[in-house]
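Me: Please take a close look at one part of this structure. Which way do its residues face, and what lies around it?

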Amino acid sequence: MALLLCFSMKSQIGIGIPNPDASCVLELASIEKGFLPPRLTTAQRDAITRPALGLTIYNTTKKCLEWYLTTGWYNACGDNGIAIIDSYICTTATTGTMVEGTRVSGVSQTITVNVKTVGSYDISATANGVTFSAKGNLTALGMHDIVLTATGIPANYGSHTFTLNTTPVNCTFSRVTHLTVTGAGGGIWMAYNLGATAPSASMSDQYGGYYQWGRGNDGHGDENSATTSTRSPTDDPGHGLFITGNANWQITVNNNLWQTVKGNNNPCPDGFRVPTSAEFEGEFKAGNVTGVASAFNSILKIPAAGNRERSNKMEFRGSQGRYWTSTVTTHSNYYRIGATSSYIDLAGNRANGLSVRCIKD
């Protein structure tokens, strides 16, 4: 009686441990022995009247640990029924970059499912030579993330739609496959400007976006993006507006932006980055680029995209090319391509919108 009274006065009971965790009713501790739940056959288990939620047994027929949920008995051996999903969100998160003709690696698509009945799942979606897939068990009701891993070799560049094999729910997501070329200098470059969708067919085609130096790919690079004259106090303005009126879009200049592949506002796809001045110069020398005509006729098919001036005026489209580099001297450096000249310019105002041609890391 004294022992029971003692237990009733405590909110936790510990066996083999003097101070059980505050979140539990009972905590067992041992370095020599384990916890053994009741052992029942499947027939004995099914004879239990109105099993409580969470009731746990060891099924000697299946040789599995099992517990009871609202939809029935569930086990860890993977022979449960198929999960019933009430709804899907197919655009939760993405990782990795796909390149035409290159076997995918590190590419995934995260979806979110609302589980109505627990059980197993086998989800996949295939397009353009690539399959996103995942198998497993959903052990609890409600919202859960599932990571679909990509395999295969993308057949063509461009945006492709993937439709899950989950009927009758029609859930889709889109992923972009990029096209690359090996430049005259040996580097692997995107085959078109950042923001474009295909290689240029002429000097005045597929200009792509106009990006302010050091900013991420947040939507401001669209040539028709709205503007604001308010400079950003941080490295991330938190919006996609083109910041006008000053030499720099930031209140305090940060020279460390665009310096690495990961982080630092890198606007390029995963695995790519903004090239350095030396990389641009080396490529153009190797390709004998001496002006806008030779730039377009080079392996990179560089268009004369001009620039979006910090006053929001478009300049030199069709007659000049101005491409940001990640290099910083006194100012941010960019590569200027004129009618009969091409060279590194050391005095780029960071609020000007210039083209970006990404290079593979």
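Reply: A residue is called buried under 20% relative accessible area, exposed over 50% and partly exposed in between (1.4 Å probe, protein chains only). This is a predicted model, in which local features need pLDDT of at least 70 and side-chain atom pairs pLDDT 80 or more, while totals for chains, interfaces and linings use all residues. Numbering starts from 1 along each chain as its sequence is written, and side-chain values use heavy atoms, without hydrogens or water.

The part chosen is helix H3, residues 277-286. Helices (H or I, at least four residues) and strands (E, at least two) are DSSP runs, numbered from the N terminus.

Which residues of H3 are buried? They are Ser277, Phe280, Glu283 and Phe284. These four cover an arc (directions from the helix axis to the C-beta atoms) of only 140° around the axis, so they sit on the same side of H3. Ala278 and Lys285, on the other side of H3, are exposed.

The cover over the buried residues of H3 includes four strands: S16 (188-190), S23 (321-328), S24 (332-337) and S25 (342-348). Cover is counted by contact, that is, heavy atoms within 4.5 Å.

Glycine 282 is also part of H3. Its relative accessibility is 36%, which means that glycine 282 counts as partly exposed. In sequence, glycine 282 is 96 residues from glycine 186, yet their C-alpha atoms are 9.5 Å apart in space. Just after H3 comes asparagine 288, whose phi is positive, at about 55°.

One of the covering strands, S23, leads on to a loop residue. Glutamine 320 belongs to the loop between strand S22 (314-315) and S23. With a relative accessibility of 17%, glutamine 320 counts as buried. Beyond its neighbours within four places in sequence, glutamine 320 is in contact with Val292, Ala304, Ala305 and Gly306, and also with Arg336, Ile337 and Gly338.

Positive phi values occur elsewhere too. Tryptophan 258 is not a glycine, but its phi is positive, at about 60°. Tryptophan 258 lies in the loop between strand S19 (242-243) and strand S20 (272-273). Its relative accessible area is 2%, so tryptophan 258 is buried. Asparagine 128, again a residue other than glycine, has a positive phi near 55°. The loop between S10 and S11 holds asparagine 128, and at 13% relative accessibility asparagine 128 counts as buried.

S10 and S11 lead to the largest nonpolar core. Such a core is a set of buried Ala, Val, Leu, Ile, Met, Phe, Trp, Tyr and Cys residues joined through side-chain atoms within 4.5 Å. The largest one has 28 residues, and the most contacts inside it belong to Tyr88, Ile111, Phe132, Ile146, Leu148 and Leu164. Two or more of its residues come from each of the strands S7 (84-95), S9 (108-117), S10 (119-127), S11 (130-138) and S12 (142-152). Another core, of 21 residues, lies apart from this one and has Ala196, Tyr211, Leu257 and Phe272 among its members.

Within the largest core, leucine 148 can be followed in more detail. When residues up to four places away in sequence are not counted, leucine 148 touches Val107, Ser108, Gln109, Ile111, Ile123, Phe132, Ser133, Ala134, Leu164 and Phe173.

To return to the chosen part: H3 has Ser277, Phe280, Glu283 and Phe284 buried, and Ala278 and Lys285 exposed on the other side.
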